[in-house]
Amino acid sequence: MNAHAILLISCQDQLGIAAKVTCFLAQYEGNIVDIDQHVEDNKYFMRVKWSLAKFGLAREDIKKRFEQEVASHLTKVDYQLYLTDKTPRMAIFVSKSSHCLFDILARRESYQVEIPLIISNHQTLAPIAKSFDIPFYYLAIDKKNKLEMEKEQLALLKKHDIDFVVLARYMQILSASLIEEYPKKIINIHHSFLPAFPGAKPYHQAFKRGVKIIGATSHYVTSQLDEGPIIEQDVARVSHSDSVKDLIRKGKDLEKIVLSRAIYNHLNCKIITHKNKTFVF
């Protein structure tokens with residue numbers, strides 16, 4: 001498979017940014033296969049992907065030369081370089097619900113991702129991990145041992161060289177210290193009844209109110225609960241003829257597909273965050 005490189009760039013908007021980047025790639029025979037850009041708040045954002053088949057720079061030199069020849073001439077620049085033939089390593093956190101976990105594992109090959117471990121605060125889903133031959137770590141968490149257990153979680157993530165984490169209906173709030181270790185690298189999924197129907201049994205609350213639309217939201221995790229930059233959302237219509245079970249079933253379907261899209265976009269380096277929002281190219 002032909003390897004590609006991807007640059008995600010953000011900087012203060014100024015004349016000629018796209019020209020500088022594309023001329024740099026053309027100089028070293030980098031064939032661009034995908035490019036997109038956006039300007040907001042006087043800031044410029046770009047995603048560019050090019051083939052490495054005939055590229056004139058060694059991989060270990062790309063970042064250094066880009067810094068010297070392009071980035072150093074831009075104002076307030078931030079950029080990340082990714083190589084597509086490096087397989088990302090994803091950890092999954094779960095509790096008791098299995099629908100998102102099953103969906104992720106079924107898509108593992110198409111994602112082209114490694115899943116070295118699954119971490120849970122319950123033993124319920126251990127048989128699923130075993131059937132897919134993935135190590136399962138059960139760490140019982142309560143109010144007294146939460147920080148201690150999170151240290152063990154973090155140690156496992158470091159041990160397995162994890163690139164990013166997916167909370168597949170993991171029903172624990174992560175502490176700020178763990179989130180800070182993986183900024184914009186923890187993806188969560190939840191129903192979109194918040195803040196209208198908080199707490200237990202949101203679908204039952206929604207049913208009693210006669211809602212006509214249900215939804216799901218996937219976002220990056222921040223220290224502000226469920227308020228991180230949104231990656232993907234979707235909705236489904238419901239009616240008076242739908243029971244609570246129907247709402248839950250439709251909600252689970254939405255959660256699976258919305259989480260899948262978020263994972264796909266993250267894996268393909270399509271996301272740039274700005275303030276508390278995302279641009280998905």
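**Exercise 1. Locate K208 in this predicted model and decide whether K208 is buried or exposed.**

Solution.
Step 1. The element that holds K208 is helix α8, which covers residues 202-209.
Step 2. The relative accessible area of K208 is 74%.
Step 3. A residue counts as exposed when this value is over 50%. K208 is therefore exposed.
Step 4. For a sense of distance, take P116, which is 92 residues from K208 along the chain. The C-alpha atoms of K208 and P116 are 42 Å apart.

**Exercise 2. Determine where M171 lies and whether M171 is buried or exposed.**

Solution.
Step 1. M171 is found in the loop between β8 and α7.
Step 2. Its relative accessible area is 52%. Because the cut-off for exposed is over 50%, M171 is exposed.
Step 3. E152 is 19 residues from M171 along the chain, and 17 Å separates their C-alpha atoms.
Step 4. M171 also belongs to a pocket: among the residues that line the second largest pocket, M171 is one of those closest to the centre.

**Exercise 3. Describe the second largest pocket by its volume, its lining and the elements that supply the lining.**

Solution.
Step 1. The volume of the second largest pocket is about 580 Å³.
Step 2. The lining consists of 24 residues, and those closest to the centre are Y170, M171, I173, L225 and D226.
Step 3. Both α7 (176-181) and β9 (186-191) supply at least two residues of this lining. The most comes from β9, which gives 4 residues.
Step 4. By residue class, the lining of the second largest pocket holds 12 nonpolar, 10 polar and 2 charged residues.

**Exercise 4. Give the strand order of the 7-stranded sheet, and then examine the surroundings of β8.**

Solution.
Step 1. The sheet is open, its pairing is mixed, and its strands follow the order β7-β6-β5-β8-β9-β10-β11.
Step 2. At the edges stand β7 (136-138) and β11 (230-237), each of which pairs on one side only. From one strand to the next, the twist averages 20°.
Step 3. Strand β8 (residues 164-167) is parallel to β5 (residues 89-94), and 4 bridges join the two. Across this pairing, M90 stands opposite F164, and I92 stands opposite V166.
Step 4. With β9, strand β8 again pairs in the parallel sense, over 3 bridges. Here V165 stands opposite I186 of β9.
Step 5. The side chains of β8 can now be sorted by direction. F164 and V166 point one way, V165 and L167 point the other way, and all are buried.
Step 6. Helix α6 (residues 146-159) lies across β5, β6 (114-120), β7 and β8. The angle between α6 and β6 is about 170°.

**Exercise 5. Give the order and pairing of the 4-stranded sheet, and name the helices that pack on this sheet.**

Solution.
Step 1. The strands of this open sheet are ordered β2-β3-β1-β4, and their pairing is antiparallel.
Step 2. The edge strands, each paired on one side only, are β2 (32-40) and β4. The twist averages 10° from one strand to the next.
Step 3. β1 and β4 run antiparallel and are joined by 6 bridges. In this pairing, A5 has L83 of β4 as its bridge partner.
Step 4. Helix α1 (residues 17-27) packs on the sheet and touches β1, β2 and β3, with its direction at about 20° to that of β3.
Step 5. Helix α2 (residues 59-69) also packs on the sheet; α2 touches β1, β3 and β4, and its direction makes about 165° with that of β4.

**Exercise 6. Characterise the largest pocket by its space, its lining and the classes of its residues.**

Solution.
Step 1. The largest pocket contains about 1200 Å³ of space.
Step 2. The lining is formed by 44 residues; Y82, H266, L267, N268 and C269 lie nearest the centre.
Step 3. Two or more residues of the lining come from each of β1 (4-12), β3 (43-51), β4 (78-83), α4 (108-111), α9 (244-267) and β12 (271-274). Of these elements, β1, β3 and β4 are also strands of the 4-stranded sheet.
Step 4. The lining of the largest pocket divides into 20 nonpolar, 13 polar and 11 charged residues.

Definitions and conventions
Residues numbered from 1 in each chain as written. Predicted model: local features only at pLDDT ≥ 70, side-chain atom pairs only at ≥ 80, totals over all residues. Heavy atoms only, no water. 1 Å grid on protein atoms, 1.4 Å probe; cavity = no way out; pocket = protein on both sides within 12 Å on 5 of 7 lines; lining within 4 Å. Points joined across faces, edges and corners; volume = space filled by probe spheres on them. Nonpolar A, V, L, I, M, F, W, Y, C, P; charged D, E, K, R; others polar. Pairing = 2+ DSSP bridges. Axes fitted to C-alpha atoms, helices over the stretch in contact; angles between N-to-C directions. Contact = heavy atoms within 4.5 Å. Buried < 20%, exposed > 50% of the residue type's maximum accessible area, 1.4 Å probe, protein only.
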